[in-house]
Amino acid sequence: MKAKKLDLQTQEQILKVYGTKAAKEIAQDFGCTLDQVYEVARRNGRQQKQNQQVEITNTIHQILLGGFLGDGRFKKNGQKNAIYSECHALGEKDYLKWKFENLGDLTSKTVIYPKNANNRFVDAVEFTTLTTPSLTPYLDYDKTKAISELDELGLLIHLLDDGWFAPSGKEGRFCVCVSNWSDSERELLVSKWKEVFGIDASVYGIKRKDVGFTKKDNPIILKAFLKYFPIELDILQKKCRIILQSKV
């Protein structure tokens, strides 16, 4: 791409998202060259320290694993580095913020930004972590490996990302979408819920197969949610609304 002159407004917009997205993506978003993105960052003291290692605590590990199975994604960025990004609708903005704020140094120098910032019909928000070799091992993860390492928090995050509450009469039950998973992956998830929570989830459906719980599991799951997340969190108010109302 031939370099074009960048006006001050465009440079300011580039600075707002620099460090939150891959530089190549920023160049594509603003129709400029990769070198121009780096030059804007350099002139404003925003260049990232190369190959910076960060500590991956168990909490961070579980947020990443649950997100990987749900709404997040890992991506290689350079020869030795990787990034993690995640996007949620505006109705789950606080949930995205909770993840962002609990990812430690992975997000301490990045920001939450509108998805497709140049589109006036923005209806989602996103974050991208620091580019770091500490995330490179996750590029080799598949669903089986991720499921095997889940604990309470990781399971709950996956349920919040891809799950829903199916009303039935005065009650209902939680379900989680795994329709594009293999049979072995679905069964492994069921086994992990049994191992961690003592819950007997099950695979249901014929053409479309998902994992469902029972109404007697609702109090267990809600109690677990409230162990990690504030009750006023937008996604809990949405997905646990029926259960929470029944307790009023």
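# Questions on a predicted model

Me: Of the 248 residues of the protein, what share counts as buried?
Reply: This is a predicted model. A residue is called buried when its relative accessible area is under 20%. The protein has 248 residues, and the share that counts as buried is 45%.

Me: How many helices and strands does the protein have?
Reply: Both kinds of element occur here. The C-alpha atoms fill a box of roughly 60 × 35 × 35 Å along the principal axes. Within the protein there are 11 helices and 8 strands.

Me: Which strands are the edge strands of the sheet with the order 5-6-8-7?
Reply: This open sheet has 4 strands, and the pairing is antiparallel. An edge strand pairs on one side only. From one strand to the next, the twist averages 40°. The edge strands are strand 5 (163–168) and strand 7 (202–204).

Me: Which residue in strand 6 stands opposite Ala-166?
Reply: Strand 5 and strand 6 (residues 171–176) run antiparallel, joined by 6 bridges. Ala-166 lies within strand 5, which spans 163–168. Opposite Ala-166 in strand 6 stands Arg-173.

Me: Which helices lie across strand 5 and strand 6?
Reply: One helix covers residues 152–162 and runs at about 70° to strand 5. Another covers residues 218–228 and runs at about 60° to strand 6. These are helix 7 and helix 9.

Me: What is the strand order in the open sheet that has strand 1 and strand 3 as its edge strands?
Reply: Strand 1 (72–76) and strand 3 (112–114) each pair on one side only. The twist averages 30° from one strand to the next. This sheet has 4 strands with antiparallel pairing, in the order 1-2-4-3.

Me: What is the bridge partner of Tyr-113 in strand 4?
Reply: Tyr-113 falls within strand 3, residues 112–114. Strand 3 is joined to strand 4 (residues 124–128) by 3 bridges, and the two run antiparallel. In strand 4, the partner of Tyr-113 is Glu-126.

Me: Which helix lies across strand 1 and strand 2?
Reply: Strand 2 covers residues 82–89. The helix runs at about 65° to strand 2, and spans residues 58–69. That is helix 4.

Me: Is Thr-129 buried or exposed?
Reply: Thr-129 is found in the loop between strand 4 and helix 6 (143–148). Leaving aside neighbours within four places in sequence, its contacts include Gly-19, Ile-83, Tyr-84 and Leu-135. The relative accessible area of Thr-129 is 1%, so this residue is buried.

Me: Why do the buried residues of helix 3 lie on the same side?
Reply: Helix 3 covers residues 34–43, and its buried residues are Gln-36, Val-37, Val-40 and Ala-41. They lie on the same side of helix 3 because they cover an arc around the axis of only 135°.

Me: Which helices are included in what covers the buried residues of helix 3?
Reply: Gln-36 and Val-40 are among the buried residues of helix 3. Their cover includes one helix at 8–17 and another at 23–30. These are helix 1 and helix 2.

Me: Among contacts between residues at least 6 apart in sequence, what share joins residues at least 24 apart?
Reply: Thr-129 gives an example of contacts across the sequence, with Gly-19 among its partners. Counting contacts between residues at least 6 apart, the share that joins residues at least 24 apart is 65%.

Conventions
Residues are numbered from 1 along each chain as its sequence is written. This is a predicted model: local features need pLDDT of at least 70, side-chain atom pairs count only at pLDDT 80 or more; totals for chains, interfaces and linings use all residues. Side-chain values use heavy atoms; hydrogens and water are left out. Two strands pair if DSSP finds at least two bridges between them. Axes are lines fitted to C-alpha atoms, for helices over the stretch in contact, and angles run from 0 to 180 degrees between N-to-C directions. Contact means heavy atoms within 4.5 Å. Buried means under 20% relative accessible area, exposed over 50%, partly exposed in between (1.4 Å probe, protein chains only). The arc is that of the directions from the helix axis to the C-beta atoms.
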